[in-house]
Amino acid sequence: MKRLLVPTIPGGIITILIFYLDYFQFDLVDKFLLFAAFVIVPLVVLLLGYEEKNTLQRLIYTAIKLLQLPAALLVFASVMGSQAWGMGSTAIPGNLSLGWLLFTLLLCVYGLSLIVNHKGRAAEIAIGAGLVYFFIGGIWFTLYQYQVDLYQVKHATHALSSVHFHFSSAIVPIFIGFLGRIMTKKSWYPWVVAIDIIGPILIAVGIIFSKPIEYIGVTLFACNIAIYTTYLLAYLRKGSLQNKSSFFLVLSCIAFYTIVVISICYPLLKNLFSLTIHDFIPVYGSLHSFGFVLCGLIGWVYMIDSLKENTLTDKT
């Protein structure tokens, strides 16, 4: 258990340096993309496994584990090329980003294998969809690094879309999928999964084409997270899990509710302190990325490991 998070340590150290050293004068969106590549994705990989009889899935999972850090380093090199090494006007940053695109394609194939091998199981569909969304995030990152203006949308919007798919779109379905694996069957659960898959698509389409569609997607997605966090807190309250998993999962839920409270109070805070939406973006981003997503992933890693240990103990 103590060594469970060891694979994420190198990426964690690199991320801390990127966020706090003045040498890395990256845009905030680039820092969050690097945080996803070096920390978030490795934690997701820790949650995954493979079926012994499924040779293809085992090979894909082995490749994912081996290639994650090299692919993340290519993301770092791509961002350095465009932000620090003066190569933003060349195709080099875009070419370097292709390594991450191919890696997220592996995640996508693994996710599709989950969906195909567990036909009709809503939890596996949710997890598989989350992994597919990483690939969509990889596509947006590559478009961003090539500075392609797709659909007459500035390439900076591609960066926001990439962050959206690397965090909310990918992570929330994975969270809901793992909740579905451990919870008792509920008639409403498949509907939550369906909305959770549709929501990110509506948000992405809305970002590019229509604000009303984006607002609908955000509302549906936020309601889904509210259902997930409420049920998870109820589950933790009556469960007998280890303190580590409960601690991080509760922190994750609190971070989400804090975002909701800040959003509701935003008009009042804006008038009282003369703040703009740009002042709140770092707050929202930090609470969501470091609070809801990071703490949630750590909590699920500890929970799944604890459940595995309990299963082995019961068998012996």
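The largest pocket of this predicted model has a lining of 33 residues, and those that lie nearest its centre are His164, Glu214, Val218, Ile281 and Tyr284. The space within this largest pocket amounts to about 1,600 Å³. Several helices contribute to the lining, with at least two residues supplied by each of helix 2 (28–47), helix 6 (155–182), helix 7 (189–208), helix 8 (211–238), helix 9 (243–273) and helix 10 (277–315). Among these contributions, that of helix 10 is the largest share, at nine residues of the lining of the largest pocket.

Helix 8, which takes part in this lining, also holds Ala222. With a relative accessible area of 33%, Ala222 is partly exposed, because this class covers the values between the 20% limit for buried residues and the 50% limit for exposed ones. The C-alpha atoms of Ala222 and Leu143 are separated by 27 Å in space, while the two residues stand 79 apart in the sequence.

The cysteines were examined for disulfides, of which the count comes to zero. For Cys223, the closest cysteine sulfur is that of Cys253, at 16 Å from its own sulfur, which is too far for a bond, since a disulfide requires the two sulfur atoms to lie within 2.5 Å. The surroundings of the cysteines were also considered in terms of accessibility: Cys223 is partly exposed, with a relative accessible area of 43%, whereas Cys108 is buried, at 8%, a value under the 20% cut-off that applies to buried residues.

On the surface of the model, a nonpolar patch of about 700 Å² is formed by Val6, Ile9, Ile13, Leu17, Leu21, Tyr23 and Trp85. One of these residues, Ile9, belongs to helix 1, which comprises residues 9–20. The relative accessibility of Ile9 is 47%, so this residue counts as partly exposed; the value is also consistent with its place in the patch, because patch residues are required to have over 30% relative accessible area.

A further local feature concerns the backbone at Gln147, where phi takes a positive value near 55° in a residue other than glycine. Gln147 is placed in the loop between helix 5 (122–145) and helix 6, the latter being one of the helices that supply residues to the lining of the largest pocket. At 38% relative accessibility, Gln147 is counted as partly exposed.

Terms used. Residues are numbered from 1 along each chain as its sequence is written. This is a predicted model: local features need pLDDT of at least 70, side-chain atom pairs count only at pLDDT 80 or more; totals for chains, interfaces and linings use all residues. Side-chain values use heavy atoms; hydrogens and water are left out. Patches are made of residues with over 30% relative accessible area and no salt bridge: like charges are joined within 9 Å, nonpolar side chains (Val, Leu, Ile, Met, Phe, Trp, Tyr) within 5 Å. Accessible areas come from the Shrake-Rupley method with a 1.4 Å probe; for residues, only the protein chains shown count as cover. A salt bridge is a side-chain nitrogen of Lys or Arg within 4 Å of a carboxyl oxygen of Asp or Glu. Helices (H or I, at least four residues) and strands (E, at least two) are DSSP runs, numbered from the N terminus. Buried means under 20% relative accessible area, exposed over 50%, partly exposed in between (1.4 Å probe, protein chains only). On a 1 Å grid over the protein atoms alone, a cavity is a set of points where a 1.4 Å probe fits but cannot get out, and a pocket is an open set with protein on both sides within 12 Å along at least five of seven lines; lining residues have an atom within 4 Å of a point. Grid points are joined across faces, edges and corners, and a volume is the space filled by probe spheres set on the points.
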